[in-house]
Amino acid sequence: GQTQIQLRGVNTIKADRFSANLPPTVGVFFDETPLGLSGYQPDNGLFDINRVEILRGPQGTLFGANSLSGAIRIIPNEPDFDSTAGEASMSLSNTKDGDPSYNGHATLNVPLSDTFALRLVGFSNSQGGFIDNVYTIDSSINEIENYNDTNSLGGRATALWKPSDALRVKATISYESTKSDGRPDEYIPNDPQSIARFSSSDFLLAGERVDQWVVSDELQTATPISEIFESEGGFASLQIDWDVSDSLSITSVTSYSDREILDVLDDTMRFREFTTGYFGGFCD
């Protein structure tokens, strides 16, 4: 949910929690619907896809804003009038010193008549965590293991109506939700500077212990705040293609998209370094 795409070496500054709404330089389109109008590109659930087109920029003439360095078009498979068909797939994997992961998807195509068909796609993806958080409130708990897990799910439905060779109407509804419970950041094990800083009474709050902050192994971090990244949204589109004559065709695309992002990042260490360094024990 936080992908930033670059083409031809052109990009805005790196999007982060302070500037997540920076306009991108690469336009991303699902079929004819524009997506990713902020610096964080959605994952789009790339299942049951016919092809992906990479168009080098500038593409402003054809695709408008946010396509200075290029455009990416994701073209899904369309509903088929000929036969009822479906497929499903699942994969499992395991990460050393981490939790297992899986992803799966299913596709169903249903022709309801000679001129109307429906195609359904659903997917779920779970990535097991592999970073341990050594900061704990209760001294009886050693650490929170594999706290950076990620789960996403979504689906889309596409209906195609083709009453004649000259007219076709396609409607699509898509939804996707992603949630990460922790970030895959790790600190340097047994860093002498960090240990010296954590031992300072100016850095530790009342009741805190040095061992709550000291990272002693690889793939570990220390954060007292539950870091969360959540992204939820989708779009609806209606496309009408009408061949008026042999020399004139009209295409109309109407779409609506909505996306909500919750991004919680723990900045305790940097904040305390700043305040204790300049204001002497402000955090106490």
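Biologist: Which strands form the open sheet, and in what order?

Modeller: Seven of them, running S5-S6-S7-S9-S10-S12-S13, with antiparallel pairing. A strand here is a DSSP run of E with at least two residues, numbered from the N terminus, and two strands pair if DSSP finds at least two bridges between them. S5 (85-94) and S13 (248-264) sit at the edges with a single partner strand each, so one side of each has no neighbour in the sheet. From one strand to the next, the twist averages 5°, taken between axes that are lines fitted to C-alpha atoms, with angles from 0 to 180 degrees between N-to-C directions.

Biologist: Before we go on, what kind of model is this?

Modeller: It's a predicted model, where local features need pLDDT of at least 70 and side-chain atom pairs count only at pLDDT 80 or more, while totals for chains, interfaces and linings use all residues. Residues are numbered from 1 along each chain as its sequence is written, and side-chain values use heavy atoms, leaving out hydrogens and water.

Biologist: How do you know that S10 and S12 pair?

Modeller: Count the bridges: 14 join S10 (residues 167-180) to S12 (residues 228-245), in the antiparallel sense. Set against the cut-off of two, that counts as pairing. One of the matches puts Thr172 opposite Ser237 in S12.

Biologist: Why is strand S1 said to be largely enclosed?

Modeller: Because five of its five residues (26-30) are buried, and buried means under 20% relative accessible area, with a 1.4 Å probe and protein chains only. Both faces are covered: Val26, Val28 and Phe30 are buried on one side, Gly27 and Phe29 on the other. That split fits a general pattern, as side chains in a regular strand alternate between the two faces of the sheet.

Biologist: Which strands does S1 pair with?

Modeller: Five bridges link S1 to S4 (residues 70-76), running parallel, and Gly27 stands opposite Ala71 there. Three bridges link S1 to S2 (residues 33-35), this time antiparallel, with Pro34 as the partner of Phe29. S1 and S2 make a hairpin with two residues between them, and Asp31 in that turn has a positive phi of about 60°.

Biologist: What makes Thr33 count as buried?

Modeller: Its relative accessibility is 2%, which falls under the 20% limit, so the label holds. Thr33 lies in S2. Contact means heavy atoms within 4.5 Å, and leaving aside residues up to four places away in sequence, Thr33 touches Val28, Phe235, Ser237 and Ser255.

Biologist: And why is Thr84 called exposed?

Modeller: Exposed means over 50% and partly exposed covers the range in between; Thr84 comes in at 57%, so exposed it is. Thr84 belongs to the loop between S4 and S5 and touches Asn109, Val110 and Pro111, again not counting residues up to four places away.

Biologist: How many cavities are there?

Modeller: Three of 30 Å³ or more in the whole structure. A cavity is a set of points, on a 1 Å grid over the protein atoms alone, where a 1.4 Å probe fits but cannot get out; lining residues have an atom within 4 Å of a point. The largest holds about 120 Å³, and a volume is the space filled by probe spheres set on the points. Of its 16 lining residues, the closest to the centre are Asp31, Lys170, Thr172, Ser237 and Gln239.

Biologist: Which element gives the most to that lining?

Modeller: S12, with four residues.

Key. On a 1 Å grid over the protein atoms alone, a cavity is a set of points where a 1.4 Å probe fits but cannot get out, and a pocket is an open set with protein on both sides within 12 Å along at least five of seven lines; lining residues have an atom within 4 Å of a point.
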